[in-house]
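Welcome! Please open the sequence and the 3D view side by side, and try each exercise before you read its solution.

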Amino acid sequence: METQRPLRLPNSLFVGLVLVFFSGIGFCIHSSAVSSEVGSCDPNYDDSDSKISAFCSFKKYIMQSYYEKYENLLDSDFQDFIGQELPFGMCEVLPHDLSLVVKLSILHRNLIGHGSHRHLTSSIRVNIKPESISELPTHHCKVIIIERLPSGVFADPFELQHLLQRGVYSNIAVFGDTNLESPSFLSNRSAVEVHMDIGRNLFLRHAEEFNINVEIPLHARYPPLDENGYSEVKFGVPDLFMRCSVEGKSHDESCLYKVSEITGSKLTYGTVVWKIPSGMKVHAGIVSIFTFVAALFSAILIAATSIFYSDINSSKHLKES
(Lines give C-alpha, C1' and ligand atoms only; values in the text may rest on other atoms or scores of the structure.)
Protein backbone atom coordinates (compact mmCIF):
# COMPACT_ATOMS: atom_id res chain seq x y z
CA MET A 1 0.00 0.00 0.00
CA GLU A 2 1.42 3.35 -1.04
CA THR A 3 1.93 5.90 1.69
CA GLN A 4 1.80 9.62 0.97
CA ARG A 5 4.71 11.70 2.12
CA PRO A 6 3.97 14.75 4.32
CA LEU A 7 3.52 18.09 2.61
CA ARG A 8 6.75 20.09 2.61
CA LEU A 9 7.40 23.77 1.97
CA PRO A 10 9.55 24.70 -1.02
CA ASN A 11 13.17 25.39 -0.09
CA SER A 12 13.02 29.00 -1.33
CA LEU A 13 10.02 29.78 0.90
CA PHE A 14 11.72 28.22 3.93
CA VAL A 15 14.93 30.21 3.33
CA GLY A 16 12.90 33.44 2.99
CA LEU A 17 11.17 32.88 6.34
CA VAL A 18 14.52 32.24 8.04
CA LEU A 19 16.03 35.43 6.60
CA VAL A 20 13.06 37.51 7.76
CA PHE A 21 13.35 36.03 11.27
CA PHE A 22 17.05 36.79 11.67
CA SER A 23 16.65 40.26 10.13
CA GLY A 24 14.11 41.10 12.82
CA ILE A 25 16.51 39.92 15.55
CA GLY A 26 19.31 42.03 14.08
CA PHE A 27 17.06 45.11 13.96
CA CYS A 28 16.20 44.79 17.66
CA ILE A 29 19.83 44.25 18.71
CA HIS A 30 21.10 47.22 16.69
CA SER A 31 18.31 49.49 17.97
CA SER A 32 19.22 48.61 21.53
CA ALA A 33 22.92 49.29 20.88
CA VAL A 34 22.24 52.66 19.25
CA SER A 35 19.84 53.88 21.95
CA SER A 36 22.04 52.80 24.89
CA GLU A 37 24.73 55.41 24.30
CA VAL A 38 24.75 57.84 27.27
CA GLY A 39 27.02 60.43 28.79
CA SER A 40 28.75 60.04 32.14
CA CYS A 41 29.70 62.21 35.09
CA ASP A 42 32.57 62.22 37.50
CA PRO A 43 31.44 59.89 40.31
CA ASN A 44 33.75 61.56 42.87
CA TYR A 45 32.30 65.08 42.83
CA ASP A 46 30.19 66.45 45.68
CA ASP A 47 26.48 66.30 44.81
CA SER A 48 25.29 68.44 47.73
CA ASP A 49 24.15 71.16 45.29
CA SER A 50 20.83 69.98 43.85
CA LYS A 51 21.24 71.85 40.57
CA ILE A 52 24.75 70.52 40.01
CA SER A 53 23.49 67.04 40.84
CA ALA A 54 20.63 67.44 38.36
CA PHE A 55 23.06 68.59 35.70
CA CYS A 56 25.27 65.56 36.22
CA SER A 57 22.24 63.28 35.94
CA PHE A 58 21.65 64.55 32.41
CA LYS A 59 22.75 62.34 29.57
CA LYS A 60 24.72 63.32 26.52
CA TYR A 61 21.50 64.27 24.73
CA ILE A 62 19.00 66.77 26.09
CA MET A 63 16.08 64.86 24.55
CA GLN A 64 17.15 61.66 26.26
CA SER A 65 16.67 63.34 29.62
CA TYR A 66 13.32 64.70 28.45
CA TYR A 67 11.99 61.24 27.53
CA GLU A 68 13.08 59.84 30.87
CA LYS A 69 10.51 62.14 32.46
CA TYR A 70 7.81 62.44 29.77
CA GLU A 71 6.27 59.69 27.68
CA ASN A 72 5.30 61.76 24.62
CA LEU A 73 6.55 64.94 23.02
CA LEU A 74 4.19 67.84 23.71
CA ASP A 75 5.15 71.46 23.16
CA SER A 76 3.87 72.51 26.59
CA ASP A 77 5.79 69.73 28.37
CA PHE A 78 8.93 70.55 26.43
CA GLN A 79 8.76 74.24 27.35
CA ASP A 80 8.28 73.31 31.02
CA PHE A 81 11.23 70.96 30.78
CA ILE A 82 13.44 73.66 29.25
CA GLY A 83 12.42 76.27 31.81
CA GLN A 84 12.51 74.12 34.95
CA GLU A 85 14.79 71.14 34.42
CA LEU A 86 17.77 72.34 32.41
CA PRO A 87 20.58 73.89 34.51
CA PHE A 88 21.10 77.22 32.77
CA GLY A 89 23.21 79.86 34.48
CA MET A 90 25.39 77.33 36.33
CA CYS A 91 28.67 78.55 34.83
CA GLU A 92 31.41 79.38 37.31
CA VAL A 93 34.36 79.76 34.96
CA LEU A 94 32.75 80.99 31.72
CA PRO A 95 30.45 83.98 30.99
CA HIS A 96 26.91 83.57 32.29
CA ASP A 97 25.23 85.61 29.57
CA LEU A 98 25.73 84.10 26.14
CA SER A 99 24.19 87.09 24.33
CA LEU A 100 27.10 89.31 25.40
CA VAL A 101 29.57 87.16 23.47
CA VAL A 102 27.82 85.03 20.83
CA LYS A 103 24.74 85.57 18.68
CA LEU A 104 23.04 82.62 17.01
CA SER A 105 20.44 83.26 14.34
CA ILE A 106 18.68 81.17 11.70
CA LEU A 107 19.16 82.59 8.21
CA HIS A 108 16.99 80.25 6.17
CA ARG A 109 15.27 76.87 6.23
CA ASN A 110 14.18 74.78 3.30
CA LEU A 111 12.81 71.38 2.38
CA ILE A 112 14.65 69.84 -0.57
CA GLY A 113 14.01 66.65 -2.52
CA HIS A 114 10.98 65.00 -4.10
CA GLY A 115 8.43 62.37 -3.16
CA SER A 116 8.21 60.87 0.31
CA HIS A 117 11.90 61.33 1.13
CA ARG A 118 13.16 64.87 1.76
CA HIS A 119 15.94 66.76 3.54
CA LEU A 120 15.22 69.56 5.99
CA THR A 121 18.03 72.11 5.73
CA SER A 122 18.85 74.99 8.08
CA SER A 123 21.56 77.62 7.88
CA ILE A 124 22.61 79.08 11.24
CA ARG A 125 24.74 82.21 11.59
CA VAL A 126 27.25 82.31 14.45
CA ASN A 127 28.35 85.86 15.28
CA ILE A 128 31.18 86.18 17.81
CA LYS A 129 31.74 89.59 19.39
CA PRO A 130 34.96 90.71 21.14
CA GLU A 131 35.03 89.90 24.85
CA SER A 132 36.98 92.00 27.35
CA ILE A 133 37.61 89.01 29.60
CA SER A 134 40.99 87.58 28.68
CA GLU A 135 41.68 85.17 31.53
CA LEU A 136 39.45 82.20 30.78
CA PRO A 137 40.32 78.50 30.86
CA THR A 138 40.62 76.49 27.67
CA HIS A 139 37.16 75.39 26.60
CA HIS A 140 35.40 73.64 23.74
CA CYS A 141 31.89 74.50 22.52
CA LYS A 142 29.16 72.78 20.55
CA VAL A 143 25.92 74.05 19.04
CA ILE A 144 22.91 71.83 19.79
CA ILE A 145 19.94 71.90 17.40
CA ILE A 146 16.70 70.16 18.36
CA GLU A 147 14.12 69.65 15.63
CA ARG A 148 10.73 68.77 17.10
CA LEU A 149 9.16 66.89 14.19
CA PRO A 150 5.41 66.79 13.51
CA SER A 151 3.71 63.40 13.65
CA GLY A 152 3.44 63.20 9.85
CA VAL A 153 7.19 62.66 9.32
CA PHE A 154 9.98 60.63 10.90
CA ALA A 155 13.76 60.28 10.84
CA ASP A 156 15.34 56.88 10.28
CA PRO A 157 17.71 56.15 13.24
CA PHE A 158 19.93 53.93 11.08
CA GLU A 159 20.28 56.69 8.49
CA LEU A 160 21.29 59.14 11.20
CA GLN A 161 23.75 56.63 12.61
CA HIS A 162 25.34 56.41 9.17
CA LEU A 163 25.80 60.21 9.15
CA LEU A 164 27.45 59.98 12.57
CA GLN A 165 29.83 57.26 11.39
CA ARG A 166 30.81 59.41 8.40
CA GLY A 167 31.68 62.30 10.74
CA VAL A 168 29.05 64.68 9.35
CA TYR A 169 28.02 65.63 12.91
CA SER A 170 29.74 65.17 16.26
CA ASN A 171 26.53 63.61 17.62
CA ILE A 172 23.05 63.01 16.21
CA ALA A 173 20.11 60.90 17.39
CA VAL A 174 16.33 60.65 17.13
CA PHE A 175 14.05 60.26 20.15
CA GLY A 176 10.36 59.47 20.52
CA ASP A 177 8.29 57.37 18.16
CA THR A 178 10.77 55.70 15.78
CA ASN A 179 8.38 53.05 14.42
CA LEU A 180 9.08 53.36 10.71
CA GLU A 181 5.87 51.65 9.60
CA SER A 182 3.24 53.47 11.68
CA PRO A 183 0.86 55.80 9.81
CA SER A 184 0.67 59.38 11.02
CA PHE A 185 -2.69 58.93 12.79
CA LEU A 186 -1.25 56.08 14.92
CA SER A 187 2.15 57.61 15.67
CA ASN A 188 3.49 60.11 18.18
CA ARG A 189 5.92 62.94 17.56
CA SER A 190 9.66 62.51 17.56
CA ALA A 191 12.65 64.85 17.79
CA VAL A 192 16.11 64.90 16.21
CA GLU A 193 18.99 66.30 18.24
CA VAL A 194 22.14 67.40 16.40
CA HIS A 195 25.46 68.40 17.95
CA MET A 196 27.99 70.37 15.90
CA ASP A 197 31.46 71.47 17.01
CA ILE A 198 32.25 75.17 16.66
CA GLY A 199 35.80 75.03 17.95
CA ARG A 200 37.93 75.83 20.98
CA ASN A 201 38.18 79.01 23.05
CA LEU A 202 35.05 80.55 21.55
CA PHE A 203 34.89 83.30 24.19
CA LEU A 204 38.47 84.42 23.53
CA ARG A 205 38.28 84.90 19.77
CA HIS A 206 38.30 88.18 17.89
CA ALA A 207 35.16 89.36 16.14
CA GLU A 208 34.17 86.61 13.76
CA GLU A 209 31.12 85.50 11.79
CA PHE A 210 30.47 82.16 10.12
CA ASN A 211 27.62 79.84 9.11
CA ILE A 212 26.90 76.23 10.00
CA ASN A 213 24.56 74.15 7.87
CA VAL A 214 22.36 71.33 9.12
CA GLU A 215 20.68 68.82 6.82
CA ILE A 216 18.38 66.16 8.28
CA PRO A 217 16.95 63.34 6.11
CA LEU A 218 13.23 62.85 6.74
CA HIS A 219 10.54 60.48 5.48
CA ALA A 220 6.78 60.94 5.21
CA ARG A 221 4.38 58.71 7.11
CA TYR A 222 1.17 57.42 5.58
CA PRO A 223 -1.31 60.27 6.11
CA PRO A 224 -5.02 59.84 6.89
CA LEU A 225 -7.63 60.10 4.14
CA ASP A 226 -8.39 63.64 3.03
CA GLU A 227 -10.84 65.21 0.60
CA ASN A 228 -8.10 67.36 -0.94
CA GLY A 229 -5.81 64.45 -1.78
CA TYR A 230 -2.90 65.66 0.35
CA SER A 231 -1.98 66.38 3.96
CA GLU A 232 0.02 69.43 5.08
CA VAL A 233 2.84 68.97 7.59
CA LYS A 234 4.27 72.17 9.11
CA PHE A 235 7.67 72.48 10.77
CA GLY A 236 8.23 74.83 13.67
CA VAL A 237 11.36 76.77 14.57
CA PRO A 238 14.17 74.54 15.94
CA ASP A 239 15.47 74.96 19.48
CA LEU A 240 19.08 76.18 19.69
CA PHE A 241 21.45 75.55 22.59
CA MET A 242 25.16 75.80 23.15
CA ARG A 243 27.23 73.65 25.49
CA CYS A 244 30.81 74.51 26.45
CA SER A 245 33.09 72.15 28.36
CA VAL A 246 36.15 73.30 30.24
CA GLU A 247 39.16 71.15 29.46
CA GLY A 248 40.62 69.37 32.45
CA LYS A 249 37.45 69.83 34.47
CA SER A 250 34.79 67.30 35.43
CA HIS A 251 31.59 67.04 33.43
CA ASP A 252 29.55 68.98 36.03
CA GLU A 253 31.45 72.17 35.22
CA SER A 254 30.20 72.29 31.65
CA CYS A 255 28.05 75.27 30.74
CA LEU A 256 24.72 74.99 28.95
CA TYR A 257 23.19 78.01 27.20
CA LYS A 258 19.79 78.47 25.60
CA VAL A 259 19.22 80.78 22.64
CA SER A 260 15.94 82.15 23.94
CA GLU A 261 15.19 84.36 20.97
CA ILE A 262 15.94 83.88 17.29
CA THR A 263 17.42 87.19 16.24
CA GLY A 264 18.88 88.59 13.06
CA SER A 265 18.01 91.12 10.39
CA LYS A 266 18.62 88.75 7.47
CA LEU A 267 15.90 86.24 8.16
CA THR A 268 14.65 84.87 4.86
CA TYR A 269 12.72 81.79 5.89
CA GLY A 270 9.04 81.33 6.54
CA THR A 271 7.01 78.37 7.71
CA VAL A 272 8.29 75.17 6.13
CA VAL A 273 5.37 73.12 4.79
CA TRP A 274 5.46 69.59 3.34
CA LYS A 275 2.40 68.61 1.29
CA ILE A 276 2.17 64.81 1.48
CA PRO A 277 -0.17 63.04 -0.99
CA SER A 278 -2.97 61.10 0.69
CA GLY A 279 -5.88 58.93 -0.34
CA MET A 280 -9.31 60.45 -0.91
CA LYS A 281 -12.33 59.21 1.02
CA VAL A 282 -14.45 58.87 -2.12
CA HIS A 283 -11.98 56.29 -3.45
CA ALA A 284 -11.71 54.26 -0.25
CA GLY A 285 -14.39 51.69 -1.16
CA ILE A 286 -13.03 50.91 -4.63
CA VAL A 287 -9.42 50.70 -3.41
CA SER A 288 -10.41 48.37 -0.56
CA ILE A 289 -12.24 45.98 -2.91
CA PHE A 290 -9.39 45.77 -5.42
CA THR A 291 -6.83 45.37 -2.64
CA PHE A 292 -8.80 42.51 -1.08
CA VAL A 293 -9.26 40.72 -4.43
CA ALA A 294 -5.55 41.09 -5.28
CA ALA A 295 -4.46 39.81 -1.87
CA LEU A 296 -6.86 36.85 -2.02
CA PHE A 297 -5.73 35.91 -5.54
CA SER A 298 -2.06 36.11 -4.51
CA ALA A 299 -2.62 33.93 -1.44
CA ILE A 300 -4.49 31.29 -3.52
CA LEU A 301 -1.74 31.35 -6.17
CA ILE A 302 1.01 30.85 -3.58
CA ALA A 303 -0.87 28.00 -1.90
CA ALA A 304 -1.63 26.30 -5.24
CA THR A 305 1.99 26.60 -6.38
CA SER A 306 3.26 25.11 -3.11
CA ILE A 307 0.85 22.15 -3.35
CA PHE A 308 1.68 21.59 -7.03
CA TYR A 309 5.43 21.38 -6.47
CA SER A 310 4.95 19.23 -3.37
CA ASP A 311 2.91 16.73 -5.42
CA ILE A 312 5.63 16.64 -8.09
CA ASN A 313 8.30 15.92 -5.48
CA SER A 314 6.12 13.21 -3.92
CA SER A 315 5.60 11.52 -7.32
CA LYS A 316 9.35 11.52 -7.98
CA HIS A 317 10.07 9.85 -4.64
CA LEU A 318 7.38 7.21 -5.29
CA LYS A 319 8.82 6.38 -8.71
CA GLU A 320 12.32 6.10 -7.28
CA SER A 321 11.09 3.74 -4.58
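Below are four exercises, each with a worked solution.

This is a predicted model, in which local features need pLDDT of at least 70, side-chain atom pairs count only at pLDDT 80 or more, and totals for chains, interfaces and linings use all residues. Residues are numbered from 1 along each chain as its sequence is written, and side-chain values use heavy atoms, with hydrogens and water left out.

**Exercise 1. Get an overview**

Find how many helices and strands the chain has, and what share of its residues is buried.

Step 1. Start with the helices (DSSP runs of H or I, at least four residues) and strands (runs of E, at least two), both numbered from the N terminus. The chain holds 6 helices and 11 strands.

Step 2. Now look at burial, where buried means under 20% relative accessible area, exposed over 50%, and partly exposed in between, with a 1.4 Å probe and protein chains only. Of the 321 residues in the chain, 37% are buried.

Step 3. Turn to contacts (heavy atoms within 4.5 Å). Among those with a separation of 6 or more, 77% are between residues 24 or more positions apart.

**Exercise 2. Trace the disulfide**

Locate the cysteines that form a disulfide, and say where in the chain they sit.

Step 1. Apply the rule: a disulfide is a pair of cysteine sulfur atoms within 2.5 Å. The count comes to 1.

Step 2. The partners are Cys141 and Cys244, with an S to S distance of 2.1 Å. Cys141 belongs to strand β3 (residues 139-149) and Cys244 to strand β9 (residues 239-246), so this pair links distant parts of the chain, 103 residues apart.

Step 3. Check the twist: the link of Cys141 and Cys244 is right-handed, with 110 degrees about the S-S bond.

Step 4. Are the two cysteines buried or exposed? Cys141 is buried at a relative accessible area of 0%, and Cys244 is buried, also with 0%.

**Exercise 3. Read the faces of helix α4**

Work out which residues of helix α4 are buried and what covers them.

Step 1. In α4 (residues 75-84), the buried residues are Phe78, Phe81 and Ile82. They line one face of the helix, because they fall within an arc of 95 degrees when seen down the axis of α4; the arc is that of the directions from the helix axis to the C-beta atoms.

Step 2. A general point helps here: an α-helix has 3.6 residues a turn, so residues three or four places apart point the same way.

Step 3. On the face of α4 turned away from its buried side are the exposed residues Gly83 and Gln84.

Step 4. The cover over the buried residues of α4 includes α3 (62-69), β3, β9 and β10 (255-258).

**Exercise 4. Follow the salt bridges**

Identify salt bridges that involve Arg148, and the network they belong to.

Step 1. A salt bridge is a side-chain nitrogen of Lys or Arg within 4 Å of a carboxyl oxygen of Asp or Glu. The whole structure has 5 salt bridges.

Step 2. One of them pairs Arg148 with Asp75 (3.0 Å, N to O). Arg148 lies in strand β3 and Asp75 in helix α4, so the pair ties together parts that are 73 residues apart in sequence. Arg148 counts as buried at 15% relative accessibility, whereas Asp75 counts as partly exposed at 40%.

Step 3. Another joins Asp239 to Arg148, with the closest N and O atoms 2.9 Å apart. Here Asp239 is in strand β9 and Arg148 in strand β3, 91 residues apart.

Step 4. Shared partners join Asp75, Arg148, Arg189 and Asp239 into one network of salt bridges.
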